[in-house]
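Here is a short set of exercises to work through with the model open beside you. Try each task before reading its solution.

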Amino acid sequence: MVDIYTKPKISVAQIVLLFSILVLVVVVGIPVILIFLTAFFEDGKLNIPGFVQILKDPDTYQALWNSLVIAFGTTLVSTTVGVFFAWLVARTDLPFKKTMKALFLVPFMLPSFIGALAWKVLLSPRAGYINKFLMALLGLENAPIDIMSMGGIIVIESMYLFPFVFLQVESALERMDPTLEESARISGAGLLTITRKITLPLVLPSILSGALLVALYSLAHFGVPAILGTEKGIYNIPTKIYERIYSSGGSFRAIRVGTILSTILVISAALILKAQDLLLKKGKYQIIAGKSMRPMLLKLRALRTPLLIVSILYIGITVILPTVTIFLVGGLKTYGLSFELKNLTWANYLEIFRWKMTKDAIWNSVYLSLGAALVTMLAGTMISYVIVKSRPRGKFILELLGVLPFSLPGTVIALGVILTWSGRFGINIYNTPWIIFVAYVARYMAFSLKSNSAALQQVSDSLEEASRACGATHFQTLKNIVLPLIRPGMISAFFLIFLPALRELTTSVLLYGPTTRTIGVAIYALNEDGETVRAAALASVALIIILVGETSIRNFLARLQKQE
Amino acid sequence: MSEIEFRSVSKSFRTKKVLENLSFTIRPGECFTILGPSGCGKTIVVRLIAGFETPDRGTIRIGTTTVADGSKGYALPPENRNIGVVFQDYAVWPHMTVLENVLYPLRMQKVPKEEALQRAKMAIQQVNMEGLEDRLPYQLSGGQQQRVALARALVSKPAILLLDEPLSNLDANLREEMRFEIKELQKSTNSTLLYVTHDQEVALAISDRIAVMNEKGEFQQVGTPEEVYDQPANPFVFRFLGIANFIPVHARDGKTFLASSAKEFLPLPDTVQKAEGTSSGKFLAACRPMEVELSHTSGPLEGKVVRKALLGPIIDYRIDLGGTVVRAQLQTEEGSMKGLIFEEGDSCRVGFSRLLWFPGNGEGEVTHG
Amino acid sequence: MSELKLISVTKRFNQVVAVNKLNLEVRKGECFSFLGPSGCGKTTTLRMIAGFEDLDEGELIVDGEVYSSSYKKYYLPPEKRDFGMVFQAFAVWPHLTVWDNVAFPLQIRRIPKIEMEKRVKEALQSTGLSAIKDLYPSKLSGGEQQRIALARAVAINPKVMLLDEPLSNLDPKLREEMRFEIKDLQRRFGFTILYVTHDQAEAMALSDRMLVMNLGVVQQVGKPLEIYNEPANKFVFSFIGLSNFLKVRVRQGRAFPLGQEEGSPISDEAPTDLGDTCYAAFRPGEVDLVSTSSGSGISGVVTRSTFLGDLVDYRISIGSQEIRVQKPKKNGLLRNGEACRVRINRIHWFPLD
């Protein structure tokens with residue numbers, strides 16, 4: 001009898017588990033609980049009538065209604081557009097497919113509030129360039145198009161959100177076993193019948209999950225309604241919360257209204273998720289991937305060129321036109337001048353890097369996103385490892401807390417963070433960059449968990465066990481086998497957080513202080529102050545940073561994938 | 001080369017009992033196979049020896065070291081057990097080259113660099129992978145990956161080699177080649193080898209001894225390949241080692257009758273009557289398809305061909321003996337030469353070159369040997 | 001009476017010839033298999049018959065009617081061909097119940113409801129699916145899913161049934177069982193079967209006639225036993241089962257293993273028209289192994305013997321060549337390293353490549 005290893009009372013695994021739970025509880029759990037507590041309790045007593053009364057207030061009621069209408073409309077439009085283009089690329093003989101597929105994903109890169117800013121410049125009823133042009137051309141009294149309306153908000157949001165649906169549906173169509181359609185064909189069905197009865201029902205799960213993302217996103221989106229709606233008195237829940245808190249100077253009463261509206265948002269989001277769950281859980285949907293054979297393609301014949309032109313025009317109008325507008329406006333000597341060379345100057349752009357407010361904003365965004373991405377990635381790796389590999393008792397708490405932020409709108413997270421970190425627990429970081437940092441970590445934790453868990457699930461247990469059998473300890477196995485294998489997942493988690501954080505607006509706008517503006521906040525604030533040219537110039541700089549970032553990351557990830 | 005001993009080992013997962021009171025010994029240097037249906041708990045045996053699982057009760061000894069004791073709740077961690085493991089899914093680390101994979105165990109044991117390199121190269125040579133040292137696993141075929149896994153398991157000269165269905169992901173030809181190589185490697189390295197599989201052909205081909213395990217995790221028979229094949233302890237073992245015909249009969253005073261139609265069948269042999277101490281009751285007559293002898297004229301029983309399928313070198317018939325259908329196979333060449341090609345619907349005479357008799361009628365009632 | 005006729009059919013994919021000048025007649029009610037290694041063109045042929053691929057050259061005629069013709073640039077689309085087809089990956093629609101899957105082709109044809117229900121019922125019954133008709137496919141096993149695909153294909157009472165490796169995703173036991181079920185369905189519904197497989201045992205067990213194909217070219221067409229007993233060439237011989245190819249030198253009709261021209265010949269009836277050296281091909285089972293004391297037979301040494309249950313598998317070296325022999329265990333066991341004599345009972349002769 002030699003060398004018997006006895007288990008210690010508390011193992012390293014248990015410590016890691018406890019630490020993981022602690023992180024999620026502090027970052028996610030407490031803020032959410034505080035929101036519900038604040039919404040339903042007043043002075044330590046349950047106050048349902050107070051809750052109802054605030055909802056009955058026409059002002060808040062209208063915001064709630066608008067949020068739902070915008071979410072519904074945007075989801076409908078995005079889904080239609082996304083499914084149509086996905087089908088066009090995957091199931092017809094549209095020319096230049098690969099290029100078109102890449103182009104349809106470009107709207108992802110353009111932050112929607114910058115898009116909204118551009119469209120406001122082009123189509124605002126008072127001073128929109130296109131409106132002025134049309135009025136002059138047709139001799140009209142009134143502007144023909146009013147983008148600053150509910151309809152406008154829905155259209156602009158859809159423009160930049162439809163890739164969620166496109167991406168999901170297109171890849172589902174590509175993965176689908178072609179024999180599913182072929183067997184329908186041999187059964188006697190023509191291509192249109194097959195599309196209707198077989199293809200679309202089979203990709204329904206993907207359509208739904210794309211639509212769900214759009215719905216969650218547009219339900220609580222701040223940027224577009226803030227830029228296109230506020231001026232006209234159109235509010236949705238996030239803009240209403242912002243307006244209340246901002247106009248009251250951050251009073252508790254305003255925050256309480258915010259928590260009540262947030263509760264409604266959370267419940268709506270939960271309902272949307274539940275609905276998707278119910279629809280998909282029947283288990284009957286399951287796309288069976290088969291050997292990759294060429295799928296049947298619908299011959300567009302005479303429609304081929306027109307549809308190609310429509311697609312290109314769509315990209316041109318939704319991406320290129322607004323981008324060019326932003327760059328041009330950013331160079332104007334004074335807002336309102338026509339886009340002639342003599343009216344343009346580089347000075348505006350240079351000023352962005354000299355002026356303290358914009359300079360700070362860029363700096364804040366960069367280091368906050370980098371920091372949040374790094375920390376969230378590492379924490380996510382640890383928590384995912386606990387969830388996927390050690391399968392402890394109580395792991396369901398981790399999973400629940402991990403996916404919760406996914407259904408939490410940015411506004412809600414911001415409010416929760418305010419409630420938690422402004423002194424209630426002895427720590428007050430309000431008005432410091434830390435509060436934004438904490439909010440980013442909470443907001444993007446779900447991304448990190450998703451990416452890391454996916455990577456970890458690819459690492460089969462036997463890879464670790466083989467290492468143990470070779471004489472490596474648990475720690476050596478982690479270092480030599482697990483970490484190198486999930487590195488791509490970690491890196492993609494990092495960028496999945498870094499890039500959206502860089503352009504974040506919804507959460508930051510409720511948390512910024514005088515010296516802690518982010519890029520998004522600065523653009524928004526400049527626009528609010530009527531500094532359209534400066535807003536556009538900063539937006540142009542932001543676009544360049546995002547574009548460079550996205551492209552280099554895509555290349556990097558593509559290289560990584562090739563290595564695998 | 002070490003002995004492995006299980007003493008009254010039990011293991012359950014949640015409420016599911018996988019192993020119950022299992023005891024056995026694997027002799028030093030032996031190639032021992034556990035053969036059983038999937039999900040019968042044979043993989044757990046491997047995992048218990050490797051240290052990936054701890055027994056609930058009972059002890060496991062490797063050589064002179066007790067590596068796990070369920071009742072005391074202790075277990076030696078896998079890295080301290082000096083074992084080599086080969087997994088069904090190869091478990092070759094995708095981010096390391098062939099050489100790095102094979103070097104890893106030596107690195108962990110802090111073997112000096114020069115010596116480690118030499119030993120790794122030797123192991124790679126042993127599995128016929130020279131020249132591929134710098135390849136990454138994705139550049140290798142399944143068979144080659146499995147060879148890397150073998151080399152990695154062998155390189156540290158473990159006392160015990162554990163192989164968990166290592167060939168089931170390979171195609172038939174490769175499987176045949178690899179099982180031979182494994183046997184050769186075991187002989188040359190002199191390690192104790194535990195091989196776990198559901199494939200009776202591999203088990204028969206490579207083992208010194210086979211343990212046949214049933215769905216409940218119980219050993220049904222332990223013996224040499226010839227023993228378990230020729231003298232199966234019970235119908236389960238017989239069925240698990242190849243295609244099996246079972247003919248349920250009722251015996252009365254040494255005569256037997258088909259359970260399905262009461263038609264008379266072959267008499268109960270004296271030896272069986274003696275061994276069982278009775279000439280009546282329920283019996284199960286069993287034989288392999290190759291042991292059914294068909295003929296046009298001679299043969300004790302009458303049969304009718306209900307199915308015929310040419311399988312290349314073999315012709316496969318289903319013969320109805322009167323409510324009970326048996327499968328008969330004969331070699332195509334022999335059939336052609338002796339004019340024994342029957343068509344569906346033909347009548348024929350049937351005999352058996354060998355019949356086994358199990359008391360009872362159906363497996364549930366069979367007493368375990 | 002021919003149901004289906006392919007006339008000089010050629011198909012290329014990017015300059016690579018997948019099927020080369022294929023001529024074929026399949027008779028009504030026949031079960032006809034296409035056998036060959038993967039990539040030999042058998043699936044492409046089936047897909048051309050189904051109408052999923054156009055023909056680069058040639059014609060397809062079904063029941064006297066032109067279905068595809070490269071000359072007339074005419075292709076009847078798949079949905080108009082009234083064929084039944086079953087795919088390897090089952091291809092049952094996961095969003096429809098078993099019943100709806102089977103009813104789909106009838107709904108498309110606007111069969112009246114009463115008639116339709118009768119036919120779906122019959123199809124489900126004959127595939128043993130009646131009890132699970134309301135379930136969704138994802139809840140079902142591979143075997144059940146493939147039965148749905150079969151039921152769906154027979155529901156329209158097709159003239160011709162196309163089966164593309166329908167059993168290769170199933171486990172061996174089930175595969176054997178389903179073979180019989182397919183034959184039973186054929187008996188009941190009376191369709192012609194075109195069956196594509198790479199599994200020689202499956203092709204031989206099922207077919208009335210079969211075609212062996214390699215690299216897009218037909219190697220042999222015939223009844224299974226004919227092909228087994230009289231293979232047209234070396235490829236067919238090797239594809240149809242385990243095989244030995246022993247290089248021999250032929251002298252006046254006597255064939256000696258290469259390098260052993262001094263000993264006894266393996267045959268004295270070797271053909272003289274294949275040149276000085278050729279292959280003697282034989283199956284592992286068609287060999288007798290005897291002890292060295294008996295005089296006849298070529299001498300060899302057992303290099304490896306493996307116990308496989310019914311059979312013992314031997315590798316035997318003959319000079320520098322190795323052959324494989326499988327004999328029932330009852331014939332006695334030879335040990336590794338033991339010398340023996342080999343008598344080959346049936347030899348096919350093929351020229352060197």
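What percentage of the contacts in chain C with a separation of 6 or more comes from residues 24 or more positions apart? Keep in mind that you are working with a predicted model.

**Exercise 1. Describe chain C as a whole.**

Solution. Start with the question just asked: residues 24 or more positions apart account for 66% of the contacts in chain C with a separation of 6 or more. Next, look at the secondary structure, where chain C has 8 helices and 20 strands. Then take the extent: along the principal axes, the C-alpha atoms of chain C fill a box of roughly 80 × 50 × 35 Å. Finish with burial: of the 353 residues in chain C, 45% are buried.

**Exercise 2. Split chain C into domains and describe how they touch; then locate the domains of chain B.**

Solution. The assignment for chain C gives domain 1 as 2-237 and domain 2 as 242-351. Taken over C-alpha atoms, the centres of these two domains are separated by 40 Å. Their contact takes 4 residues from domain 1 of chain C and 5 residues from domain 2 of chain C. On the domain 1 side, the residues divide into 2 nonpolar, 1 polar and 1 charged.

Now turn to chain B, where the assignment gives domain 1 (4-238) and domain 2 (243-362). The C-alpha centres of domain 1 and domain 2 of chain B lie 39 Å apart.

**Exercise 3. Work out which parts of chain A meet chain C, and which parts of chain B meet chain A.**

Solution. Begin with chains A and C: the contact takes 21 residues from chain A and 20 residues from chain C. On the chain A side, helix H8 (178-186) and helix H9 (191-219) each supply at least two residues. The largest share of that side, 6 residues, comes from H8(A). By class, the side of chain A that touches chain C has 8 nonpolar, 9 polar and 4 charged residues.

Continue with chains B and A, whose contact takes 27 residues from chain B and 22 residues from chain A. The elements of chain B that each supply at least two residues to this side are strands E5 (65-69), E6 (74-75) and E7 (83-86), together with helix H2 (98-108). Sorted by class, the side of chain B that touches chain A has 16 nonpolar, 8 polar and 3 charged residues.

**Exercise 4. Trace the sheet of chain B that contains E15, and explain why two of its strands have a free side.**

Solution. First write down the order: 5 strands form an open sheet, E15-E19-E16-E17-E18 (chain B), with antiparallel pairing. Strands E15 (292-295) and E18 (325-331) of chain B stand at the edges with a single partner strand each, so one side of each has no neighbour in the sheet. Neighbouring strands of this sheet are turned by 45° against each other on average, direction ignored.

Then zoom in on one pair: E15(B) and strand E19 (residues 347-352) of chain B pair in the antiparallel sense over 4 bridges. Within it, B:Val292 stands opposite B:Phe352 in E19(B).

**Exercise 5. Decide for B:Gln145, B:Asn128 and C:Phe90: buried, partly exposed or exposed?**

Solution. Take B:Gln145 in helix H4 (residues 142-154) of chain B. B:Gln145 counts as buried because 22 C-beta neighbours lie inside 10 Å, and the cut-off for burial is 20 or more. Leaving aside neighbours within four places in sequence, B:Gln145 is in contact with B:Tyr90, B:Val92, B:Pro137 and B:Leu140.

B:Asn128 lies in the loop between helix H3 (113-126) and H4 of chain B. With 13 C-beta neighbours inside 10 Å, B:Asn128 counts as partly exposed. Its phi is near 60°, a positive value in a residue other than glycine.

C:Phe90 sits in the loop between strand E7 (84-86) and helix H2 (98-108) of chain C. Its 27 C-beta neighbours inside 10 Å make C:Phe90 count as buried. Phi of C:Phe90 is near 70°, also a positive value in a residue other than glycine.

**Exercise 6. Find where chain B calls for caution.**

Solution. Chain B averages a pLDDT of 90, and 98% of the residues score at least 70. Over residues 364-369 of chain B, however, pLDDT stays under 50. For that stretch the model has 10 contacts beyond four places in sequence. Where pLDDT is low, the predicted coordinates should not be read in detail.

Key
Residues numbered from 1 in each chain as written. Chains lettered and ligands numbered in written order. Predicted model: local features only at pLDDT ≥ 70, side-chain atom pairs only at ≥ 80, totals over all residues. Contact = placed C-beta atoms within 7 Å. Nonpolar A, V, L, I, M, F, W, Y, C, P; charged D, E, K, R; others polar. Domains from an automatic or database assignment. Buried ≥ 20, exposed ≤ 12 C-beta atoms within 10 Å, placed from the backbone. Pairing = 2+ DSSP bridges. Axes fitted to C-alpha atoms, helices over the stretch in contact; angles between N-to-C directions. pLDDT = per-residue confidence, 0-100.
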